[in-house]
Amino acid sequence: MTELTLKINGEDVTADVEPRLSLADFVRDHRRLTGTHLGCEHGVCGACTVLMNGEPVRSCITFAVAADGTEITTIEGFDDDDPMTMLRQAFHENHALQCGYCTPGMLVAARDIVTRLPDADEDRVRLELAGNLCRCTGYVGIVNAILSVIEKRQA
Amino acid sequence: MADGGATDGKGIGARVLRKEDWRHLAGKAKFTGDFQRPGQKEMAFVRSDVAHARIVSVTKPAGFEDSVFTAADMPGMRPMRAPSKLPGYKGADYPALAIGKVRFVGEPVAVCVADTRAEAEDLAQATVVEYEELPAVVDMLDAKAPDAPRLHEDWDDNLVMETFADDDFSKIADRATVIVKREYRMARHAMNPMEGRAVFAEWDDRTDQLMMWTSTQVPHLIRTGLAEFLGLDQRQVRVIAPDVGGGFGCKALLQPEEVIAGWLTRHLEAPVRWIEDRREHLVTGANCREHHYFVTIHATPEGRILGLDCDVTIDAGAYSVYPFTNGLEGAMAHGNLPGPYDLEVYRCRTQTMTTNKPPLMPYRGVARPGVCYAMEMTIDALAREIGMESHLIRAMNMVKQEQLPFMSIAKKHFDSGNYPKSVEMVVDMIGLDKIRAEQAAAKDDSRLIGVGMGSYVEQTAHGTSVFASWGVAMVPGYEQATVRLTPDGGLELRIGVQSHGQGMETSMAQMAYEVLGIDPEKVMVTHGDTGLTPYSTGTYASRSMVMAGGATARACRVLAERMEIIAAHLLQCERAEVSVRGGKIVSGKGEVSFAEIGRVWYLNPDELPDDVDQGGVEVTMGYRPEPDSGAFTYASHACKVAVDIDTGKVKILDYAIVEDCGTIVNPMIVEGQTYGGATQGIGTALLEESTYDSFGNPGASTFADYMMPGATDAPHYRIDHMESPSPFTEYGIKGMGEGGTIPTPAAIGNAINDALKGIGAEVTETPFTPRRVLAAIAAATQNRQGDAA
Amino acid sequence: MKSAKFDHQRMVTLEEAVAALGSADGEARIMGGGQSLGPMMNLRLAQPDLLIDLSRVGGLDGIEVAGDTIRIGARVTHARIEDGAVPGVTGAYMQFVASGISYRSVRNRGTIGGSVAHADPSADWPSALLALGGDVVIAGQDGERRMPLDGFQIGPFATGLGFEEILTGFELPTLGEGAKCGYYKVNRKPGEFADAIGAVVIGSAPRVVCGATEAAPFRVVAAEERLAAGAAEISVADARDMIAAQDPGFDDYDLQIHAVALSRAVGRAFA
Amino acid sequence: MADGGTGPGSDGQGIGARVLRKEDKRFLDGAGRYVSDIYLPRTLEAAIVRSPVAHAENLKISPPAGAEGRFFTAEDMAADGVQPIHVVSKFPGHKGSDYPHLATGKLRFVGESVAVCLADTRAAAEDLVAGAEIDFNALPPVVDMLAAVEPSAARVHDDWDDNVILDSRFDANAENVSAPVSVTRTFRMNRQAVNPLEGAAVLAEWDAREDRLVVYSASQIPHILKNALCECLGLRQNQVRVVAPDVGGGFGYKCVLLPEEIYIPWVAMQVKRPVRWIQDRREHLVTAANAREHHYSVTLHAQPDGTFVGLEADIIVDSGAYSVYPHSNILESTMAGRTLHGPYTFSAYKVRSRAVATNKPPIVPYRGVARPGICFALELAIDAMARELGREPYDLRMQNLVPPEKMPYTTITGGEFDSGDYPEALRRSADLIDVAAVRARQLEGEADGRLIGVGFGCYIEMTALQTSAAARAGLAAIPGYEQAHVRLTPDGGLEIGVGVQNHGQGMETTLAQVACEKFGLDIDMVSVRHGDTATSPYSTGTYASRSMVMAGGAIARTCDVLGENIRRIGAHLLQCGFDETTISGARVVGPSGDVSFAEVARVWHRNPEDLPADVDPAGVEVTSGFRPSPDKSPFSYATHAAIVAVDPELGHVEILDYVISEDCGTIVNPMIVDGQILGGALQGVGTALFEESCFDAEGQPLSSTFADYTMPGSTHLPNIRLDHLVNPSPLTEFGVKGLGEGGAIPPPATIANAVNDALREYGAEVSETPITPRRVRACVVAKS
């Protein structure tokens, strides 16, 4: 067991964990923050994307011990976040989700796009989204939602 | 009977062992306190330690301001309001958390939330409430004084409600030459189910619902109340009563803790739970009985009772409870005081007073233990006055079988039975003559033997019109039941009432068996979940077997018709040629099993006839007795006691019961209900009392100072049944869950007074504690010395 | 799909880390960003007994220009390079390469040192850096040593690193303004590992790399000579012959796409 | 329409309204609740020992050390009397085969379940798996379906005399099948995995209070799963409750029974603790490589003027090792044989279709079920014919599509198209894609040397599988009268229970819209409950594009019944005649005034003293049902058209433009219809270009991670242009047709035709999916 101290969604957390525990399983099974989903556990599908120190990372291939001393934000931690509030509304209005399983990771990735690339066009948005799989929507609503938020933020 | 139940003893009348037993025996039952959820928080309450005061300030422990909530911190949570249409009724809103004022000791002032109950209690302890104390209204009689303090500033007195009946007594004056006056008190106490109240609340985002597991008898009422007082749509609330460890009435009402838990789980976004501890129950749950009576009986020298004149006062506590209000007890007292007796004139005034005590709730028997006690004790007083055996007076004055159905002087519509017969039978059972002989032969004058009895009628499963006349927030209508044939020919039965010891998972299955002949083992009874069951006002007023049982029978008959249509097709014969018999659909051409029907409907619908009912093999049907004035159960109890006049201790030597609850569904369960009820009655008669000092501080907050009836207090009951089916209900069933508690205090009180008659002493206040018995003896001795002097 | 058991040690100094490598019983692995190792461990394809965590070791994430070399710490992430942390023409080339590595959320964790040490033949850095040339900086029990990128990778997942050595950084040439760079990666989806890589850097002398092979990326000698002789393009057909000449064991399709990658990389260099 | 939603007070939330989804919020908040999100105290995690070989016998298993009471095999299940899954079919000659939950004696595909290991964590359970040893005699595997039909092939099932599960012929006027012009081609659609983002997941416990097994599973068919649990575990129906909570996509993979759904609950009963198994992606890619895989040799006969005459085909479907419950392993082969004709007119038909067993995972009905394969085969053959005749593929289709004036049209195999204008769909998509402009651009050529091509794909889809069709196949689940349960809440809202399961289709919204259409009440006052056998009426579940037609229809019918009871109470409150009342805007409207649902609800629940004497005691909670009458299925159809650019050097294909003209009858919610089509289309692109579960000669899967299995991503499709025709079905409530699957059907055909159009100068034709660069290069090289 290894001791682990970090911030999750603003809350200080200390825990004793097996080194082999992934950050995703840590937030899900130990912290019961089940909004973070597992879609492949090898870093391809993006469903498990969370913020580490403000940057999106794959929580399935990042061991919890590697998150020691960091600040983690999961989908549950964005309630007062303007870009996320806009994205949620935009996803809703653009039918950017069906089964909802990819949605949390998709939103975290989308937030990175709209904040890091305020001028991204459709091609760039699609390129940046290449690391997040959705099996339901064909990405149409997702791309439109992100573009609409970029537009709003420019205005 | 048209129904297809086979007759191999699993239907109505069979002593079927309970389906629900094994999980309890295995320790696998799931009570509210057994639930766990990730991230759950525990609630603990800061409760008022004064009876009456203004709240000056609430100081939260430093650093924990976000973990302690007062009413002001909980926007959108409305006080509970229970309206009543009774003339002059003054309902007082019941705030889940005190607003501005506290009105009884134990009233919730603030709620504290933490990871463990201990930590939550730490917060409660560290929260400082500053009060400006006000004079408390503790006794219901003092409450009437014009200069008595007011609980509710906007009232001009402390009177919740008054009822009157005022006949002209002059027409009996010349015949009613014997006038007997008495004053009685029945003490306040607590219901004490072994599982206290318990709430577990969680917001389910998937269904966008407040999920509340709560220890309640009335999940659908709780749902409606929560929606109303939390400002939610009804569809956003799902209430589940899991296994419930006894109710007896205190779980038939919406509790402040339920409203608070609902608000908290939504705003904290975490599951919250509260498990009432015994001290909380004894302090805040000291909420039943407490009546006061001035009774006058006008009778002929031959013992014919012509008139009854009574002033009743009821201590209703501080607030009105949802949905049944705190006026119910008064209204019931008014209507039930004359009992099974045929009177010429009736004058009655009930006054329901508000006091600085917990809000009064309807406890098993609701008012009737009080009125039966007052009436029956006075009848024995009359008997002593005119030197006649009281059972003869009872038999003489009771409504006779040939008079039924009969509208009583208090407008109760008695349906069926033979009341005097129950008296004769119980007198035989107790062996009155032998006891009299024993008394005559008695040598030991320090241990006096006495015999006493009590009779009553209990209006059960009273329906729409009755509750509507009380104008309460919740009027029962057509009880619903849903039955669903499963693909293997089993049955799912869904009822909105809730079973918490009454054995309905068994008795309701017996109803289905009676109609369909399906083995109770193959019937799954689902109850206590607003998400799974049709609407019902729930389990109270001894209504479940009559109402939900009746609805079950009706739904099963519709299902039978639908199955017959399918079966006729499968058998290639006419609809009229088939009928449900013994768990099959039979005809001259052969038979079809329920499993076959299930297979065809679910798995091979290509084999269905064209005229099949597209509603399928799932049926929701409703039922209400006509008329819905209620089915009247009655009984006579008799007991033999020994009173130790040196210590004042009372010992029950023998106890006999003759009861009539119409058609009996399951004798084992009926007897269990009766014994349990009678033992609670013994508690009321001899042991249980929630005492208060002159400041309104409770004196009984642990089982050390609150006496519960134990195995040694309960006698070996002897019971006999009469069976007069009600003409108004399915199968003639009458309710009987509450009756056992009703006549016990009267029977025991009468037995004591019979024992003491030589001394001329009478007990008139429950519980008949040794202190009260000795006081009565002392008073009588003084009187005699007074006369002698 | 969960990793097998392992021990985890957080190091503060390189010395500790090297010592831990030496004293470990069983297999010890250095963990950088873990973005290559993580998936393999979840799949139990890699089951080290000990993971040595360098995240607290100082001095591994610097980027300094010293004369004609740029020193880049092993723990510099792909994302930093993508965002332009490396200056000059070299930086522009590396920025383009980095932006095509996996996905942003992986680039935020994945490091250039980890990628080269892991030596996945289909990864971008081994080919891209080989085209740049320069040295790998290595820490061992006898202190620091350097090894040229030429010959550093000796096969799939195999390098010149000793068992008790740690890759700490790179010393890469600072390309002049006139330098030409072209990088072409054949894959079917952005971020995927490459099916074929062509990398061309024409600084002091042309360096042409054929990457994403079954083994280590290799320099295409004939192509370098052709460019040195002043050619500004190489046809796919010629590229096929040049690559085939070095006998990489490709079937026709692999030969084709590697040739196309090389040809188009040259095209980009001169675009 | 008489329904209240269209009357005054309706605020555009009924049929046809673009209502935003009610279910979105919880997903956007990360508050959805999937099986793996449900926490039960004392849960044990399961990991599965799986077969490492494709075919073997004499299986022996030795448990890992320290696994006492935590390791279970088929022997343990047999000892407990657990029955295997036995899927029957009424088709003559069908060879049945039991699907063992855990392998007994023989191993028949890599990944087949062998034993269950339990531990407190999944990682620890996987440690146990690693420690388990299994021993066996390897047998030669049957890997390729064409080899499988050879007499010399090894037998997947020893007691069979060959590997052919069912050999069916669908001949009609077969003797006249040939005609002057014929083209013959062979096509292959390869095996792939369904890959919902959430894999399979099972959590089970025995609930003592409910006295029944409660199984949480990511399932499209909770009621059918309940049936299977009762059959296999010998439990009564009232001893099983199945809950399908939020489900992360299904697409057909979750409308069949998985062995895990039986043995995980059984194990939970053995250890008397909750047990969960969460399928990881590698398990999915290996054990769920179970979709498509058809082979066709097709001959299309036509008159010189292009009129289609006859269709000849020999179809083989690789059905894998076992038959799945309830849909069996012959659904694909029989559907392919019966409906290969597509939307075209033929006068003769000579088709043989065989389902064959191989040592691969059992085939399941993936979105589109067989039709992506037959559409691929027929549409590519039509383009080949067009090239043969020197005709525009577009014209040739126009000439042979069933014309609207022939509706309803009985097909050569006896099917019946209910309604629609097939040529109009083709015409519109051709206009949108602008064939002429493409031809012009092709003449100019591309600056980057790529080749441009245009392609079409037309299809018809039978939706909402009718009772008689399912009965003909003798499936274990035959849909009958779909049930809905509608309850008026005490405040005038509605709670609707349905047995279908919603896992992305937006049914919590669209089904609520049906009630809004009927009553005109605010959709926020309607809750749709589904996915729990305890809270919903029976249904065979969500598959075959049936939910909107069937459950929607059932809700409409049930609302009609409930509406009568509400009107009866309302009429009494309004003191007017029942017949004088109507429902509009969630109010009962009478001649002299109106009364709200809330008021009616209050009276029923809280003041029944105000009820009329003639009120129906059954009350305001109604269950009723619906089935199309007559018992037939509505047909959706569409034409897809695409422009692609092919890089002849690399073989890469890029989709430049994509248009769809579709008709799913009356549209309930256009936003959701579009979403279903677009999502389906990208799955079709995956089938066309990327997704393939490869096996080596030993039957070893080669695509066990997303690194070896390419999923279509955000860069693989441009914004599709959608166009809707609306021809309501005469068979259904509101005229709706199913549409959930259609989008996935024609993209492989459309894209392949476009690629072949681009390659026509090479005379090269692709004929196999996915159209990988390697395959494109191969046919370019072959021709040049």
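Leaving aside neighbours within four places in sequence, B:T674 is in contact with B:I657, B:I719, B:M736 and B:G740. I begin with this residue, and I should say at once that the model before us is predicted. B:T674 belongs to helix 16 of chain B, which covers residues 667–687. Is B:T674 buried or exposed? Its relative accessibility is 5%, and B:T674 therefore counts as buried, since the cut-off for that class is under 20%.

Let me turn from that single position to the contact between chain B and chain D. Chain B contributes 72 residues to this contact, and chain D contributes 70 residues. The size of an interface is often given as the accessible area lost when the parts come together. For chain B and chain D, the buried area is about 5600 Å², with carbon and sulfur atoms giving 48% of that area. On the chain B side, the residues that lose the most area to chain D are B:R206, B:R235 and B:Q614, which together make up 15% of what that side buries.

How many salt bridges are counted between chain B and chain D? The count is ten. One salt bridge joins the side chains of B:D204 and D:R33, at 3.9 Å from N to O. Polar contacts between chain B and chain D number 28 residue pairs, with both residues at pLDDT 80 or more. Among the elements of chain B, strand 25, residues 618–623, gives the most to the side that touches chain D, namely four residues. By class, that side of chain B divides into 28 nonpolar, 21 polar and 23 charged residues.

I now move inside chain D. Domain 1 of chain D comprises 24–32 + 481–626, and domain 2 comprises 371–464 + 633–783. Their C-alpha centres lie 40 Å apart. Contact between these domains involves 19 residues of domain 1 and 18 residues of domain 2. Together the two domains of chain D bury about 1300 Å², 65% of it on carbon and sulfur atoms.

Which residues form the one salt bridge found across this domain interface? D:R557 is paired with D:E733, and their closest N and O atoms are 2.6 Å apart. Nine residue pairs in polar contact are also found across the interface of domain 1 and domain 2 of chain D, both residues being at pLDDT 80 or more. On the side of domain 1 that touches domain 2, helix 14 (507–519) and helix 15 (547–574) of chain D each supply at least two residues. The residues of that side comprise seven nonpolar, eight polar and four charged.

Methods:
Residues numbered from 1 in each chain as written. Chains lettered and ligands numbered in written order. Heavy atoms only, no water. Domains from an automatic or database assignment. Contact = heavy atoms within 4.5 Å. Buried area = accessible area lost by both parts, 1.4 Å probe. Salt bridge = Lys/Arg side-chain N within 4 Å of Asp/Glu carboxyl O. Polar contact = N/O pair within 3.5 Å; in protein donor to acceptor, adjacent residues only side chain to side chain. Nonpolar A, V, L, I, M, F, W, Y, C, P; charged D, E, K, R; others polar. Buried < 20%, exposed > 50% of the residue type's maximum accessible area, 1.4 Å probe, protein only.
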